[in-house]
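Biologist: Could you walk me through this one? I would like short answers, each with the reasoning behind it.

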Amino acid sequence: MRSASGPLLVALASILLFVGCDAPIDGYEVPPPEGLEPYSGAWEYRYGDSPRLPSGELAWAQDSASADDGRWQPAQKTHNPPGRDGRKFLWLRTRLPQPTGRLAKAERPVLHLQWAEQNFEAFLDGQRIDQFAWAEPPQEPRFPGFEDHFLPLGPGYGGKLLALRLYSPHVRIGIPSPQHLGEQVAALSETVRVGLGPGLVGALLVAASLALLALYLVQRSELDLLLYSLCLLAIGTYMLCRSRFLTFVAPSPVAWYAIELASLCLIGIFVSLFAPRSGRVWASGSTDRLSGVRLSAGCFSAAGMRMAGSGLTSGPGGMAGAGLPTVGRADSVLASPSGLG
């Protein structure tokens, strides 16, 4: 029987290219809907944690002279602002502008954050309005995963001081820019709209992988079908985990992030196993060695790039993306007539 691995490899490459384009920095790929607009207020920041007032309240969360000691700096960016020097706490604050137009009619106004790195508390004029997996020192908050946040501002928020107290022991800290301000219903519907596409594509890939797997179990004659179905299963699971729609379906960000990392590792493994069967002519005796290199480097590169992208690692782990060109160089060496001897 003629191998179908060639066309399958082309299809797999197309799917991988599509998956690589599914997560832009700003999830709002088109202008936000009516009732929701980019936040235009100015932010200030400072690193370190706030002292407490005699009442026990955090001084930097207050809209009073106790918070203004001249050490706040204008924030050109709210994610990884300069001057961290290894500190784990970051404070951000902004004076909310008076709402105009449709925003003035919002019944449940919110400030929408697509994610935060990582744990945080939110205060409005010193009153806590939201928190995400927070644990008060000396306890150290655990990694909470990533999900959308909708900070409730309430009617009459104009002129109030919004302060965020963020904690992250990793290389990245802060919130994305721009944030979006508007009616809660509009923010929720936009999150669903943005996340629904990748979620549906991921579900279709998982369904297709199961169909191919069933076909293989019936015929048991084409190993390419098995490997291809496993590739689709890993890619589909990855896309499902990347979909922000999961915030509403099953709000368990840590579990989804763990599955996302596992599926990304499996993509590297399954593609490494499937690629040598694409009909390419390999030098005799080098295929086994090359498959082993691809298997380990593919897994390492996939996991390393994802973890580096999310800020969970630095140093050697953060350079794991270099594994991909390394695999390419190993290809040339091991498949050459001289090989490695």
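**Overview**

Modeller: Of the 341 residues in the protein chain, 46% are buried. Bear in mind that the model is predicted.

Biologist: How many helices and how many strands are in the protein chain?

Modeller: Both element types occur in the protein chain. The count is seven helices and 10 strands.

Biologist: Among contacts between residues at least 6 apart in sequence, what share joins residues at least 24 apart?

Modeller: Take contacts in the protein chain between residues at least 6 apart in sequence. Then pick those that join residues at least 24 apart. Their share is 80%.

**Cores**

Biologist: Which residues touch the most other members of the largest nonpolar core?

Modeller: In soluble globular proteins, nonpolar side chains tend to be buried together. Here the largest nonpolar core has 25 residues. Those touching the most other members are Trp 43, Leu 92, Leu 111, Leu 151, Leu 164, Leu 166 and Ile 175.

Biologist: Which strands each supply at least two residues of this core?

Modeller: Strands from several parts of the sequence do so, including β2 (43-47) and β9 (161-167). The full set is β2, β4 (89-95), β5 (109-113), β6 (119-124) and β9.

Biologist: Which residues does Leu 151 contact, leaving aside neighbours within four places in sequence?

Modeller: Leu 151 is one of the residues that touch the most other members of the largest core. Its contacts include one charged side chain, Asp 130. The list is Pro 109, Val 110, Leu 111, Leu 113, Phe 120, Ala 122, Ile 129, Asp 130, Leu 162 and Leu 164.

Biologist: How many residues are in the second, separate core?

Modeller: This core includes Tyr 216, Leu 225, Leu 232 and Val 271. Its size is 18 residues.

**Helix packing**

Biologist: What is the relative direction of α2 and α3?

Modeller: Helix α2 covers residues 184-219 and helix α3 covers residues 223-242. They pack at an angle of about 160°, with axes 7 Å apart. Angles over 145 degrees count as roughly antiparallel. So α2 and α3 are roughly antiparallel.

Biologist: Is the crossing of α2 and α3 left-handed or right-handed?

Modeller: The contact of α2 with α3 has 19 nonpolar, seven polar and no charged residues. The crossing of these two helices is left-handed.

Biologist: What is the relative direction of α3 and α5?

Modeller: Helix α5 spans residues 253-274. α3 and α5 pack at an angle of about 155°, with their axes 8 Å apart. Their crossing is left-handed. The angle is over 145 degrees, so α3 and α5 are roughly antiparallel.

Biologist: How do the residues of the contact of α3 with α5 divide by class?

Modeller: On the α3 side the contact includes Leu 227, Tyr 228 and Arg 242. On the α5 side it includes Trp 256, Glu 260 and Phe 270. The division is 17 nonpolar, two polar and three charged.

**Single residues**

Biologist: Is Gln 184 buried or exposed?

Modeller: Gln 184 lies in helix α2. Not counting residues up to four places away in sequence, Gln 184 touches Arg 108 and Val 110. Its relative accessible area is 19%. Buried means under 20%, so Gln 184 is buried.

Biologist: How far apart in space are Ala 186 and Gly 35?

Modeller: Ala 186 is in helix α2 and, at 10% relative accessibility, counts as buried. Ala 186 and Gly 35 are 151 residues apart in sequence. From C-alpha to C-alpha, the separation is 6.0 Å.

Biologist: What separates the C-alpha atoms of Ala 262 and Tyr 238?

Modeller: Ala 262 belongs to helix α5. At 39% relative accessibility, Ala 262 is partly exposed. The two residues are 24 apart along the chain. Their C-alpha atoms are separated by 8.5 Å.

**Backbone**

Biologist: Which residue does a cis peptide bond join to Glu 117?

Modeller: Omega of this bond is about -10°. The partner lies in the loop between β5 and β6. It is Gln 118.

Biologist: What is omega for the peptide bond from Ser 177 to Pro 178?

Modeller: Pro 178 sits in the loop between β9 and β10 (180-183). The bond is cis. Omega is near -5°.

Biologist: Is Asp 85 buried or exposed?

Modeller: Asp 85 is in the loop between β3 and β4. Its phi is positive, near 55°. The relative accessible area is 70%. Exposed means over 50%, so Asp 85 is exposed.

How values were computed: Residues are numbered from 1 along each chain as its sequence is written. Side-chain values use heavy atoms; hydrogens and water are left out. A nonpolar core is a set of buried Ala, Val, Leu, Ile, Met, Phe, Trp, Tyr and Cys residues joined through side-chain atoms within 4.5 Å. Buried means under 20% relative accessible area, exposed over 50%, partly exposed in between (1.4 Å probe, protein chains only). Helices (H or I, at least four residues) and strands (E, at least two) are DSSP runs, numbered from the N terminus. Contact means heavy atoms within 4.5 Å. Axes are lines fitted to C-alpha atoms, for helices over the stretch in contact, and angles run from 0 to 180 degrees between N-to-C directions. Angles under 35 degrees count as roughly parallel, over 145 as roughly antiparallel, 65 to 115 as roughly perpendicular and the rest as oblique. A crossing is left-handed if the near helix is turned anticlockwise from the far one by less than a right angle, and right-handed if clockwise.
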